[in-house]
Amino acid sequence: MARTYNIAVIPGDGTGPEVVREGKKALSAAALKFGFGINFTEFDFGGDRYLKTGEILPDSAVAELSKFDSIFLGAIGHPDVKPGILEKGILLKLRFELDQYVNLRPIKLYPGVETPLKNKGPEHIDYVVVRENTGDVYTGSGGVTMKGTPNEVAMQNMVYTRFLVERCLRYAFEYTRKRNRKKTLALCGKTNVLTYVFDLWERAFNEIGSAEFPDIKREYYHIDATCMWMVKNPEWFDVIVTTNMFGDIITDLGAITQGGMGIAAGGNINPDGVSMFEPIGGSAPKYTGKNVINPLASIACGGMMLEHLGEETAARAIEIAIMDVTANKLKDMAAGKMGYSTSEVGDLVAERI
Ligand code: IPM
Ligand code: MN
């Protein structure tokens with residue numbers, strides 16, 4: 001086979017395995033159609049393994065995963081495991097150790113999908129959030145003293161370095177150029193309050209932008225205003241670049257405007273290393289094993305992964321197939337309301353590819 005990709009698959013918890021199964025179905029259909037090979041290797045990291053063996057994600061696994069062409073992940077989060085253990089021990093550990101410093105989250109309303117935004121359609125909701133993915137309050141910098149006393153002090157620091165900011169901004173500028181739409185990159189921050197961190201971001205944004213990307217228009221929005229405009233005028237946006245925590249928050253808002261967690265895809269990108277593709281949504285424990293969850297987010301993740309691997313035609317075919325299914329088949333994007341089961345939705349997409 002001319003091109004063969006080795007993909008590590010982490011189905012994970014809850015409905016993760018069900019959506020990943022359909023994502024793989026679409027990927028295999030695309031491989032067959034466009035003449036490349038995909039080898040999937042499954043890893044059972046997640047809540048069940050942790051509860052059985054106490055093991056979360058050993059360092060040896062990170063080393064092993066780093067040899068694959070990409071990682072395809074379902075969902076992490078288990079109702080019987082205290083919040084934070086699996087999220088930090090698997091998801092965040094992989095993002096940090098594999099230095100996936102961009103979390104790329106497209107906000108795109110597909111045809112036929114209902115949005116809660118009044119009078120908005122697919123022509124208005126089509127932009128991308130570049131969420132910085134390795135800095136900020138996610139670094140674990142901080143601590144607690146005098147715990148349990150009335151004087152307890154808790155700190156969790158917003159950490160950024162010139163290096164972290166620059167590499168994320170360069171990625172965002174380049175992505176905006178490659179996307180070739182409005183050629184507008186909006187920095188989303190809080191320069192009126194977080195004057196140290198966003199002074200750094202703003203200076204780097206303007207310096208890199210004017211010196212290296214004069215063809216890209218620069219805009220700036222405060223985080224609070226960004227939320228407002230994402231609801232009121234989403235058509236203003238082309239690409240938004242922002243910090244880790246702000247990006248976490250606005251991409252859930254964005255996801256609901258594109259039809260909810262069943263449809264929102266994302267990729268943790270290391271442009272020079274191993275990237276990991278995962279739906280924005282979680283493990284949806286109450287729907288586990290019922291074959292009712294919407295797999296389109298996972299399928300769209302497969303498309304993003306192929307695009308990242310350079311299989312752009314195949315990636316586009318997956319997206320077109322998804323759009324045909326949302327426009328002509330699914331009644332609703334929510335679990336149990338699609339009019340089809342999880343596996344039937346996967347079949348519909350695979351047939352179209
Ligand atoms: C996300 C999630 C994660 C995050 C959690 C599960 C650690 O909310 O991918 O957006 O905060 O990044
Ligand atoms: Mn989140």
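Here are some friendly questions and answers about a predicted model and the surroundings of its ligand.

Q: Which helix gives the most residues to the shell around ligand 1?
A: The shell consists of E87, L91, R95, R105, R131, Y138 and D248. Set these numbers against the helix spanning residues 85-97, and you will find E87, L91 and R95 inside that range. With three residues, the top contributor to the shell is helix α4.

Q: Which kind of residue, nonpolar, polar or charged, has five members in the shell around ligand 1?
A: Ligand 1 is surrounded by residues that include E87, R95, R105, R131 and D248. Glu, Arg and Asp are counted as charged, while Leu and Tyr are counted as nonpolar. The shell therefore splits into two nonpolar residues, no polar ones, and five that are charged.

Q: What is the distance from an oxygen atom of ligand 1 to an N or O atom in the side chain of Y138?
A: Some side chains of the shell come within the 3.5 Å cut-off for a polar contact. R105 has a side-chain N or O atom 2.8 Å from a ligand oxygen, and for D248 the value is 2.9 Å. For Y138, the corresponding distance is 2.6 Å.

Q: How much of the accessible area of ligand 1 does the protein cover?
A: Among the side chains with an N or O atom close to a ligand oxygen is D248, at 2.9 Å. On its own, ligand 1 has 320 Å² of accessible area, and the share of this covered by the protein is 77%.

Q: Where is the kink in α4 centred?
A: Helix α4 bends by about 25°. The residue at the centre of the kink is one of the buried residues of α4, a group that also includes I90 and L92. It also belongs to the shell around ligand 1. The kink is centred on L91.

Q: Is T326 of helix α10 buried or exposed?
A: The side chain of T326 reaches the backbone oxygen of P111 at 2.7 Å and that of M323 at 3.1 Å. Its relative accessible area is 0%. Because buried means under 20%, T326 is buried.

Q: Which residue's side chain makes a polar contact with the side chain of K190?
A: K190 sits in the loop between β8 (184-189) and α6 (197-212). With a relative accessible area of 17%, K190 falls under the 20% limit and so counts as buried. At 3.1 Å, the side chain in polar contact with that of K190 belongs to D224.

Terms used:
Residues are numbered from 1 along each chain as its sequence is written. Chains are lettered from A and ligands numbered from 1 in the order in which they are written. This is a predicted model: local features need pLDDT of at least 70, side-chain atom pairs count only at pLDDT 80 or more; totals for chains, interfaces and linings use all residues. Side-chain values use heavy atoms; hydrogens and water are left out. A residue is near a molecule or strand if one of its heavy atoms lies within 4 Å of it. A polar contact is a pair of N or O atoms within 3.5 Å; within protein, one must be able to donate a hydrogen and the other to accept it, and residues adjacent in sequence count only if both atoms are side-chain atoms. Accessible areas come from the Shrake-Rupley method with a 1.4 Å probe; for residues, only the protein chains shown count as cover. Helices (H or I, at least four residues) and strands (E, at least two) are DSSP runs, numbered from the N terminus. The bend at a residue is the angle between axes fitted to the seven residues ending there and the seven starting there. Buried means under 20% relative accessible area, exposed over 50%, partly exposed in between (1.4 Å probe, protein chains only).
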